[in-house]
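Student: Hi, I have a new structure open and don't know where to begin. Can you walk me through it?

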Amino acid sequence: FIPCRDFLPRGSGIVTRRPLILQLIFSKTEYAEFLHCKSKKFTDFDEVRQEIEAETDRVTGTNKGISPVPINLRVYSPHVLNLTLIDLPGITKVPVGDQPQDIEFQIRDMILQFISRESSLILAVTPANMDLANSDALKMAKEVDPQGLRTIGVITKLDLMDEGTDARDVLENKLLPLRRGYIGVVNRSQKDIDGKKDIRAALAAERKFFLSHPAYRHMAERMGTPHLQRVLNQQLTNHIRESLPSLRSKLQSQLLSLEKEVEEYKNFRPDDPARKTKALLQMVQQFGVDFEKRIEGSGDQVDTLELSGGARINRIFHERFPFELVKMEFDEKELRREISYAIKNIHGVRQTGLFTPDLAFEAIVKKQVVKLKEPCLKCVDLVIQELINTVRQCTSKV
């Protein structure tokens, strides 16, 4: 988009492996600067290309890896319109080099992260020599912009279409209509780039192609890279103008919230007893919440190595305690003998009655219940120990 300047890496395979945020800024002098080396001004645009490639390799490696961390580049020039573009990686289907197996989904997620923003326009680039219905760019644009309100279609490689075919219906917005329409461009081929073909000559060749082609000459004024540049500048300006009211109201509400916080901190006194009390109450409340979460089992920190908190207490009650009860020795003959003696001793000199006396029953039950005392106390001790451990874990924040 900059006349006579060529600085974006080109080649076969996946070349753009990190998002490139390109800010074009109108200025009297011409130079470029990167956010990661802001002190240096680049006047040689071959160096800009080399720095983009080097910075890409620093983060992603040299073997076709990708990263969502953007490269920020500002280009100041008297030959540009104010415009911000984000160059994103093309969707790749098959991993190469050291790319992960889910490379397609990683790139999709990266692209969606940028095009989902309501404040951005989507430049959906599709080659003319492929079926438009199979366009990944248009498909993804439709996912986040189903009405086509933010999408601008760009059709490339019009000069590579089979003889006798053309993209007239697409460019006239008849085939897959978009609110903002389609613009056709003819870029330099890889052979032109390798042969150092001048961009000015490429733009002249593009203009000649549209004027001389029978299918496109009637719309030649609406085609080509210079027209795309003007349309992007105008549409982005209009889009920003439309988005400003909602952005303004959002910023105003955030400003009010910040002003309220500033007012509160302006009168902040660390030694204020009321503030200390509030802080202490908050800590105690947080401690209570953490403790409850660890016991109830709904905490955000889930231990995957061992049982803890409520789970361990649950295990003590349902596994350890029953096991202790099962270990208790029990002699049925001895119990029957004790019941017999208890009944006889209760009656004394009187004849034994038909029913078991209450006192005899109570004496026997008390003696048996005493045997449960030791495993119960052991169970209580284990639960208390676990509660102490849980409290100790919760007090780390305090």
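Student: Let's go big first. How far apart do domain 2 and domain 3 lie?

Tutor: Their C-alpha centres lie 75 Å apart. The domain bounds come from an automatic or database domain assignment. Keep in mind that this is a predicted model: local features need pLDDT of at least 70, side-chain atom pairs count only at pLDDT 80 or more, and totals for chains, interfaces and linings use all residues. Residues are numbered from 1 along each chain as its sequence is written, and side-chain values use heavy atoms, with hydrogens and water left out.

Student: Where are the domains in the protein chain?

Tutor: Domain 1 is 1-116. Domain 2 comes in two pieces, 119-130 + 142-266. Domain 3 is 280-396.

Student: What is the radius of gyration of the protein chain?

Tutor: The protein chain has 39 Å, while a compact globule of 398 residues would have a value near 21 Å. That radius is taken over C-alpha atoms, and the globule rule is 2.2 Å times the number of residues to the power 0.38. Along its principal axes, the C-alpha trace spans about 135 × 60 × 40 Å. Here is one pair to look at: M219 and N345 are 126 residues apart in sequence and 119 Å apart in space, C-alpha to C-alpha.

Student: Stay with M219. Is it buried or exposed?

Tutor: M219 is buried, because its relative accessibility is 1%. Buried means under 20% relative accessible area, exposed over 50%, and partly exposed in between (1.4 Å probe, protein chains only). M219 sits in the loop between α6 (199-212) and α7 (225-266). Helices (H or I, at least four residues) and strands (E, at least two) are DSSP runs, numbered from the N terminus.

Student: What does M219 touch?

Tutor: R168, L171 and E172, not counting residues up to four places away in sequence. Contact means heavy atoms within 4.5 Å.

Student: Now α7. Where does it bend?

Tutor: At L244, by about 40°. A proline, P245, follows within four residues. The bend is the angle between axes fitted to the seven residues ending there and the seven starting there.

Student: What do the buried residues of α7 pack against?

Tutor: They pack against β5 (83-87), β6 (122-127), β7 (151-156), β8 (182-184) and α6. Among those buried residues are L228, V231, L232 and L236.

Student: New topic: strands. How does β1 pair with β4?

Tutor: In the parallel sense, over 7 bridges. Two strands pair if DSSP finds at least two bridges between them. β1 also pairs with β5, in the antiparallel sense, over 5 bridges. Take L20: its bridge partner in β4 is I71, and L20 stands opposite D87 in β5.

Student: What about S27?

Tutor: S27 is in the loop between β1 (20-26) and β2 (31-34). S27 counts as buried because its relative accessible area is 16%. Its side chain reaches the backbone oxygen of T29 at 3.4 Å. That is a polar contact: a pair of N or O atoms within 3.5 Å; within protein, one must be able to donate a hydrogen and the other to accept it, and residues adjacent in sequence count only if both atoms are side-chain atoms.

Student: And S67, what does its side chain reach?

Tutor: The backbone nitrogen of V69, at 3.2 Å. S67 is in the loop between α1 (45-60) and β4. S67 is buried too, at 7% relative accessibility.
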